[in-house]
Amino acid sequence: MSERTEAPVLYFVIPCYNEEAVLPVTAGSFLDELEELVQKGKISAESRILYVDDGSRDRTWEILREMSRGDGRVLAIRQSRNRGHQNALLAGLMEARELCDITVSMDCDGQDDVHAAEAMVDAYRDGCDIVYGVRGNRDVDSVFKRTTAQGFYRFLAWMGAEVVYNHADYRLMSARALNALAAFPEVNLYLRGLAPLVGFKSTVVEYTRRERQAGETHYPLRKMLHLAFDGVTSLSVRPLKMITHLGLLLALLSLAGIVWAVVRALTGGTVAGWASLMCIVCFMSGIQLLCLGVIGEYIGKIYMETKGRPRYIISERTFEGEKREHVP
């Protein structure tokens, strides 16, 4: 694709959930970056910041409405209930794709370096439709979190899932890429795995991950493990293939055991008794339950997909959007 010369309309898309403590701290930096990019002529003056309230239970929505009333560049939408980070992010992206030429999605906690957005816009103007924000290092993470996170990306790659190493949800997507993303109808969302499936020309921009500016994280270990499992089961069927291979291996071992037991019986020998039998039974039972659990997870996802329920429902907006023509 040829270089884009016209300044695009950019929308920052920022999901929020119970962020009343952090919004007053980080909101100014988003506006400052937006204004700086406009002053440099890299984006249009029609660019905006779109916050997505994911059914917060604190004063997040009230703060967003106040910000929107005080500055016309700040827009906000609210989900009818909490649906999770990925659904909230998708809601913002789908809302923005009819209003802008490009989106840059990031979290509102200030950990993603907002200044890296300039390099993303430059890459877009050079012809890229998707630009991934990649963490250059994880120095602010604990040793446990850094080790498990990096191990997770390697595990996903080993499972056959196409993901960008050390990339979360800080990315630029053009309206063309967003329209292609809208064609993916799945309810079980893992956007950092879906974006590479869209295709189109892409690149990465490295940035330094910072500590959370205020408030507490909404991603404890339990949620991180759930997201990791969703990523594997949403992007790969290799666990099912592994079950098949495991079943075949155990069947061969069982056959060898049967042959051994028959030979011992025919030669007058005695087969080991209760202890060895209970060990085998417990081991086989555990393997069977584990396999049934993995299969059940996939069946549950199929069940949710067949229902065709909406992935998000917008209950309130602070603006009235109008469709516009996109920069080619």
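Visitor: Which residues are exposed on the other side of α2?
Guide: Those are Arg-69 and Gly-70. Keep in mind that this is a predicted model.

Visitor: And which residues of helix α2 are buried?
Guide: Helix α2 covers residues 60-70, and its buried residues are Thr-60, Trp-61, Ile-63, Leu-64, Met-67 and Ser-68. Looking down the axis of α2, you find these buried residues within an arc of 160 degrees, so they line one face of the helix.

Visitor: Why would residues three or four places apart point the same way?
Guide: Because an α-helix has 3.6 residues a turn.

Visitor: OK, so what do the buried residues of α2 pack against?
Guide: They pack against three strands near the start of the numbering scheme's list, β1 (10-16), β2 (48-53) and β3 (74-79), along with helix α1 (23-39) and strand β8 (314-317).Visitor: Can you put that more simply?
Guide: Sure, and skip my remark about a list: the partners of α2's buried residues are β1, α1, β2, β3 and β8.

Visitor: Switching topic, how many helices and strands does the chain have?
Guide: There are 10 helices and 8 strands.

Visitor: What share of the residues counts as buried?
Guide: The chain has 328 residues, and 45% of them count as buried.

Visitor: What about contacts between residues at least 6 apart in sequence?
Guide: Of those contacts, 84% join residues at least 24 apart.

Visitor: Now the outside. How much area does the chain expose?
Guide: About 16700 Å², with carbon and sulfur atoms supplying 58% of it.

Visitor: Which residues form a nonpolar patch on the surface?
Guide: Phe-155, Trp-158 and Met-242 do, and together they have about 310 Å² of accessible area.

Visitor: Where is Trp-158?
Guide: Trp-158 belongs to helix α5, which covers residues 143-158.

Notes: Residues numbered from 1 in each chain as written. Predicted model: local features only at pLDDT ≥ 70, side-chain atom pairs only at ≥ 80, totals over all residues. Heavy atoms only, no water. Buried < 20%, exposed > 50% of the residue type's maximum accessible area, 1.4 Å probe, protein only. Helix = DSSP H or I, 4+ residues; strand = E, 2+ residues; numbered from the N terminus. Arc of directions from axis to C-beta. Contact = heavy atoms within 4.5 Å. Areas by Shrake-Rupley, 256 points an atom, 1.4 Å probe, with all protein chains shown as cover. Patch = residues over 30% accessible without salt bridge, like charges linked within 9 Å, V, L, I, M, F, W, Y side chains within 5 Å. Salt bridge = Lys/Arg side-chain N within 4 Å of Asp/Glu carboxyl O.
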